[in-house]
Amino acid sequence: MSMWFMNEDREAVLQTTREFVEKEVAPRALEIDASDEFPTDLLKRAGELGLLAITVPEADGGLGMDQTTHALVLEEIAKTSPVLTVAMGAHTLLAGGLLQMLGTPEQKETYLKPAAMGEIILACGSTEAVGGDDQAEFTTRAVREGDEWVLNGGKVLISNIGAADVYIIIAVTADKPDPVTKTGLSAFIVPAGTPGLGIGQPEHKLGWHGSATGSISFSQCRVPAANLLGPQDGALQAMFVSATAEFLSCGPVSLGIAEGAYEMARAYSMERIQMGQTQFDRFQVTRHKLVKMYTAIESLRGLVYSTYAQRDAGELELARGRLLKVEGARVSEEVARDAIQIMGGVGVIRETGVERFWRDAKVMAIGGASAEALTEAVSQMMRRAMI
């Protein structure tokens, strides 16, 4: 069934993605979830296929395509391996987004081009224990000493740690950051292996197994002055844009999670025989639950792709972008929960593969920014008549 937002170019990219998922991602999905190992080879393979370069300008080594095409790629991969899209988001949208917005031509040549092709892996270090949005209380600082910047402090819950070749780090460079004027924070390029950069062990989480999410630290970590990314004290506005891109991406990823769980439950209900009939034919409650799941998925699809259409038309979509994460987390968790319920005892067995969709959906409501925090942000936009 062709959707209103499809066209020939998007269909071609989607076909490449489907083949990648079918041949290379699907056979590994359960293994990655069980081992909790970062899928380095799959992320780099996605780069080889151009899937990390969708929205990167052609001049910077990318495909120069639109946000909707990128959303289609994320949705398709998330139907099978949500955690791979988490790694892609940290690499492409957060770290890559800051490089794309703030990088000099030399920095883009050195870091963005190889990242777009999957030759190097990026991570973005922003979040601190005080909370992701409370930048005024950040304690990681960078001080200029001659031709170097010296970083001290730490970050928590950072994805792609250990696997990353380059870290884009947000640090305080003013006496006091000012969230109103969005000044006081700067971005820095810190290659892996830089003396003073400490990489922690990935946390053992409910979901997103394989995302390599954990802490990093800085102890007299020195980088050249040329590794300042963008203007001194001027990283916050770019962070706001890159964070919005991440929130937007949670819509198609959540859509893919819901679709993956729904398809498993639907197929199971039509194969499972109970009292001489399939579960689907025997029990009205199963049929109605599947209709409810399908309705939620299609409603989310409408919200996702209408929002992305506006984004491609030039709108920032600050409110609806955040709602994609809020609504996406709700729908994907509810659909995955109902899928487990339909499959019964089989649904809670890890080797079956459906329960991991629920675990990944649950983390979606928290990781990157909680659904509650984003709901409050949207309410403040409402108060200011922004929506």
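**Exercise 1. Are R359 and E355 buried or exposed, and how do their side chains meet?**

Solution. The structure is a predicted model, and every value used below is computed from it. Begin with accessibility: R359 and E355 are both buried. Turn next to the contact between their side chains, which is a salt bridge with an N to O distance of 2.7 Å. This lies inside the cut-off, since a salt bridge calls for a Lys or Arg side-chain nitrogen within 4 Å of a carboxyl oxygen of Asp or Glu. The spacing along the chain comes next: R359 and E355 lie four residues apart in helix 11 (residues 355–364), so about one helical turn separates them. The general rule behind this step is that an α-helix has 3.6 residues a turn, so residues three or four places apart point the same way. Finally, widen the view to the network of salt bridges that links D33, R350, E355 and R359.

**Exercise 2. Work out how R45 and E48 are placed in helix 3, and classify the accessibility of each.**

Solution. R45 and E48 form a salt bridge whose closest N and O atoms are 3.1 Å apart. Because they are three residues apart in helix 3 (residues 40–48), about one helical turn separates R45 from E48. For the classification, recall that buried means under 20% relative accessible area and exposed means over 50%, with partly exposed in between. R45, at 28% relative accessibility, therefore counts as partly exposed, while E48, at 57%, counts as exposed.

**Exercise 3. Describe the salt bridge of K155 and E128, and say which parts of the chain it links.**

Solution. The side chains of K155 and E128 meet in a salt bridge at 2.9 Å, N to O. The pair links distant parts of the chain, with K155 in strand 3 (residues 148–158) and E128 in the loop between strand 1 (122–125) and strand 2 (141–145), 27 residues apart. As for accessibility, K155 and E128 are both buried. To place such pairs in context, the structure holds 24 salt bridges.

**Exercise 4. Check the span of helix 5 against its number of residues, and then locate its bend.**

Solution. Helix 5 (residues 82–102) has 21 residues, so at 1.5 Å a residue it should span 30 Å, and the distance of 29 Å between its end C-alpha atoms agrees with this. The bend is found at G96, where helix 5 turns by about 40°. Helix 5 is also mostly covered, 19 of its 21 residues being buried.

**Exercise 5. Determine how helix 10 is oriented relative to helix 11 and to helix 7, and then place L324.**

Solution. Take helix 11 as the partner to begin with: its axis and that of helix 10 (residues 318–343) come within 8 Å and cross at roughly 155°. Since angles over 145 degrees count as roughly antiparallel, helix 10 is roughly antiparallel to helix 11. The crossing of helix 10 and helix 11 is left-handed.

With helix 7 (residues 236–271) as the partner, the axes come within 7 Å and cross at roughly 20°, so helix 7 and helix 10 are roughly parallel to each other. The crossing of helix 7 and helix 10 is likewise left-handed.

L324 has its place in helix 10, and with a relative accessible area of 0% it is buried. In space, the C-alpha atoms of L324 and L303 are 7.4 Å apart, although the two residues are 21 residues apart in sequence.

Notes
Residues are numbered from 1 along each chain as its sequence is written. This is a predicted model: local features need pLDDT of at least 70, side-chain atom pairs count only at pLDDT 80 or more; totals for chains, interfaces and linings use all residues. Side-chain values use heavy atoms; hydrogens and water are left out. Helices (H or I, at least four residues) and strands (E, at least two) are DSSP runs, numbered from the N terminus. The expected span of a helix is 1.5 Å times one less than its number of residues. The bend at a residue is the angle between axes fitted to the seven residues ending there and the seven starting there. Buried means under 20% relative accessible area, exposed over 50%, partly exposed in between (1.4 Å probe, protein chains only). Axes are lines fitted to C-alpha atoms, for helices over the stretch in contact, and angles run from 0 to 180 degrees between N-to-C directions. Angles under 35 degrees count as roughly parallel, over 145 as roughly antiparallel, 65 to 115 as roughly perpendicular and the rest as oblique. A crossing is left-handed if the near helix is turned anticlockwise from the far one by less than a right angle, and right-handed if clockwise.
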